[in-house]
Amino acid sequence: MVVAEPTVYTLEDKLQAAGDALALLRIPRSGVLPFPVRPEFTNWRDEQESWRKTAVLFDQSHHMTDITVEGPDTYCLLTELAVNSFEGFGPMRAKQLVMCNHDGYVIGDAIGFCLADNHVRIVGRPPLLNWVEYHATSGEYDVEFRRDERTVQNRGGREFFRFQVQGPNAQLILEKVNGGRLPEIKFFHMGRIRIGEIEVTALNHRMSGFPGLEFFGPYAECDRVRDTLLEAGEEYGLRQGGAKAYSTAATESGWIAQITPAVYTGAALRPYREWLGADRFEANVNLSGSFVSNRVEDYYATPWDLGYGFIVKFDHDFVGAVALRGMADEPHRTKGWLYWNRDDVARIVASMYEQGERRYKYLEFPAGWYGSMQYDRVEKGGELIGLSRSCSYSSNVRSWLSLCVVENDGPELGEEVELVWGEPNGGSGNLSVERHVQTRIRGTLGAKPFSSETQGSSLKR
């Protein structure tokens with residue numbers, strides 16, 4: 001007799017079929033969330049250096065999902081979900097929205113663009129967007145909701161293009177295409193500028209960590225805007241940044257993108273898991289790296305872990321507020337940068353000459369990501385003191401570096417620690433890596449690259 005497989009429709013169905021959250025997240029899968037732009041337009045090393053030395057043009061039109069919430073209850077909905085204060089929020093303002101579950105662990109983050117009164121477009125990775133959609137469509141909110149999926153899932157075509165010009169020469173290039181001086185746009189505010197004949201909406205948001213603007217407009221104008229920028233920027237050394245260079249910008253600037261959405265556990269979230277389709281992001285991602293725990297909660301993060309503690313404001317009620325109030329005065333883990341030892345990196349590369357399985361895990365240049373959410377052990381004296389969350393090579397720093405979350409009572413800046421490199425059990429459960437043996441990489445904890453404000457400061461802040 002043939003026993004029929006259970007029908008799987010939702011995330012909760014998948015969890016039940018797998019047995020638990022970790023079993024689901026450790027199902028062998030390949031790849032990470034793709035950035036559907038050419039890998040390189042020239043070469044990724046020069047493209048990286050352009051955002052520090054001249055200027056870079058990133059095309060962000062394709063890899064992120066956009067949602068739009070519009071209607072009388074828009075601000076009410078977002079206020080009840082986000083840890084952010086919404087005092088002063090309104091048209092031509094933006095926020096790095098952070099949303100948590102009932103226990104105070106982060107579900108996701110994204111940027112909210114307020115385009116008009118009670119009209120907000122949210123751009124980012126799917127977990128936060130799905131959480132907003134669930135409440136907007138199943139709650140008693142007077143709002144209209146729509147999705148604009150990223151290009152690889154969007155048969156109808158994108159609504160907006162989205163570009164970013166960053167670097168020391170960004171101002172000169174943008175003034176040239178604007179036909180004169182730019183309006184003053186405060187950080188995380190928006191304004192209108194011109195790219196030749198086309199008016200766009202610009203946000204002062206420094207993803208690469210250097211001056212510039214992100215701007216968007218109707219997708220039909222995408223090619224004209226790009227061509228105008230490239231022609232105007234040629235004399236100022238403007239380079240197009242491809243997928244390889246883009247994948248490293250977050251590490252330099254300090255954004256931990258690979259958040260494990262804190263939705264896999266808890267009775268309060270079961271209705272949400274039963275709403276989330278089995279084809280959604282949360283049901284199809286995987287864990288990777290040398291850190292292994294038998295509790296999925298150990299992969300969750302608080303806002304403080306991600307550097308968002310300053311965003312948490314208790315001037316309103318929101319999901320997770322009670323739990324976060326209880327955490328507020330406790331010691332918090334801290335985000336920092338780990339600069340890898342060059343000799344250990346060279347040793348890993350050289351191991352590719354070893355026969356059999358004596359090699360170390362392949363170090364993919366320029367971004368060493370092997371899963372949707374990567375966690376590598378960071379140790380001091382053999383004891384776990386933190387987690388390396390994303391790693392990449394920076395031609396600007398001339399070093400491999402990774403973003404880490406370390407314990408509050410952990411090492412100070414300048415201290416040497418060790419990163420455990422390689423998957424457990426030789427990588428047999430991860431289709432993105434070959435058979436290998438684990439090794440250790442020495443590294444020095446340091447401040448953000450090129451940030452004079454943080455040089456010499458302590459990680460315990």
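**Salt bridges, strand pairing and cores in the predicted model**

With a relative accessibility of 45%, E357 counts as partly exposed, because this value falls between the 20% limit for buried residues and the 50% limit for exposed ones. The model in which this value was computed is a predicted one. R435 is likewise partly exposed, at 36% relative accessible area. E357 and R435 form a salt bridge in which the closest N and O atoms are 3.8 Å apart. The two residues come from distant parts of the chain: E357 lies in the loop between α11 and β14 (373–374) and R435 in the loop between β18 and β19, a separation of 78 residues.

In total, 36 salt bridges were counted. Another of these joins R158 to D66, with 3.2 Å between the closest N and O atoms. Here, too, distant parts of the chain are linked, since R158 belongs to the loop between β6 and β7 (160–166) and D66 to strand β2, 92 residues away. Both partners are buried: R158 has a relative accessibility of 9%, and D66 has one of 3%. A further salt bridge connects R121 with E159, the closest N and O atoms being 3.3 Å apart. R121 is located in strand β5 and E159 in the loop between β6 and β7, and 38 residues separate them. In this pair, R121 is buried at 2% relative accessibility, whereas E159 is partly exposed at 30%. These four residues, D66, R121, R158 and E159, are part of a salt-bridge network that also includes R146, D148, R162 and E214.

Strand β2, which contributes D66 to this network, is largely enclosed by the rest of the structure, because five of its six residues are buried. β2 pairs with two strands. Its pairing with β5 is antiparallel and extends over six bridges, with I67 facing its bridge partner I122 of β5. Its pairing with strand β6 (residues 144–148) is also antiparallel and comprises five bridges. In that pairing, T68 stands opposite R146 of β6. Packing against β2 also involves helix α4, whose buried residues pack against β2, β3, β5 and α5. The residues of α4 that are buried include T74, L77, L78, T79 and L81.

The largest nonpolar core has 47 residues, and the members that touch the most others are L11, M99, I122, L128, W131, V132 and Y264. At least two core residues each are supplied by α1 (11–18), α2 (21–25), β2 (65–70), α4 (74–81), β3 (93–100), β4 (106–116), β5 (119–124) and α5 (126–138). The greatest contribution is that of α5, which provides six residues. Beyond its sequence neighbours within four places, L128 contacts L97, V98, M99, G108, D109, A110 and I122. A second core, separate from this one, consists of 23 residues, among them F163, V165, I195 and V200. In soluble globular proteins, nonpolar side chains tend to be buried together.

Two of the core residues named above, L11 and Y264, are also in contact with R273. R273 sits in helix α9 (residues 270–275) and is buried, at 6% relative accessible area. Its side chain makes a polar contact of 2.7 Å with the side chain of E12. Apart from neighbours within four places in sequence, the contacts of R273 also include T10, E12, L15, V263, T265 and G266.

A buried acidic residue, E252, presents a contrasting case, as E252 has no salt bridge. The nearest side chain of opposite charge is that of R52, 7.2 Å away; the distance is beyond the 4 Å limit, so no salt bridge is assigned. E252 is placed in helix α8 (residues 243–253). The side chain of E252 makes a polar contact with that of N396 at 3.0 Å. Excluding residues up to four places away in sequence, E252 touches W51, F210, W337, S394, N396, K448, P449 and F450.

Strand β13 (residues 334–340) pairs antiparallel with strand β19 (residues 439–446) over four bridges. Strand β18 (residues 416–421) pairs with β19 in the antiparallel sense as well, over six bridges. G443 of β19 takes part in both pairings, standing opposite W340 and serving as the bridge partner of V417. Helix α11 (residues 342–350) contains A350, which is partly exposed at 41% relative accessibility. The C-alpha atoms of A350 and P36 are 31 Å apart, and 314 residues separate the two in sequence.

How values were computed. Residues numbered from 1 in each chain as written. Predicted model: local features only at pLDDT ≥ 70, side-chain atom pairs only at ≥ 80, totals over all residues. Heavy atoms only, no water. Buried < 20%, exposed > 50% of the residue type's maximum accessible area, 1.4 Å probe, protein only. Lys, Arg positive; Asp, Glu negative; His and termini not counted. Polar contact = N/O pair within 3.5 Å; in protein donor to acceptor, adjacent residues only side chain to side chain. Contact = heavy atoms within 4.5 Å. Core = buried A, V, L, I, M, F, W, Y, C linked by side-chain atoms within 4.5 Å. Pairing = 2+ DSSP bridges.
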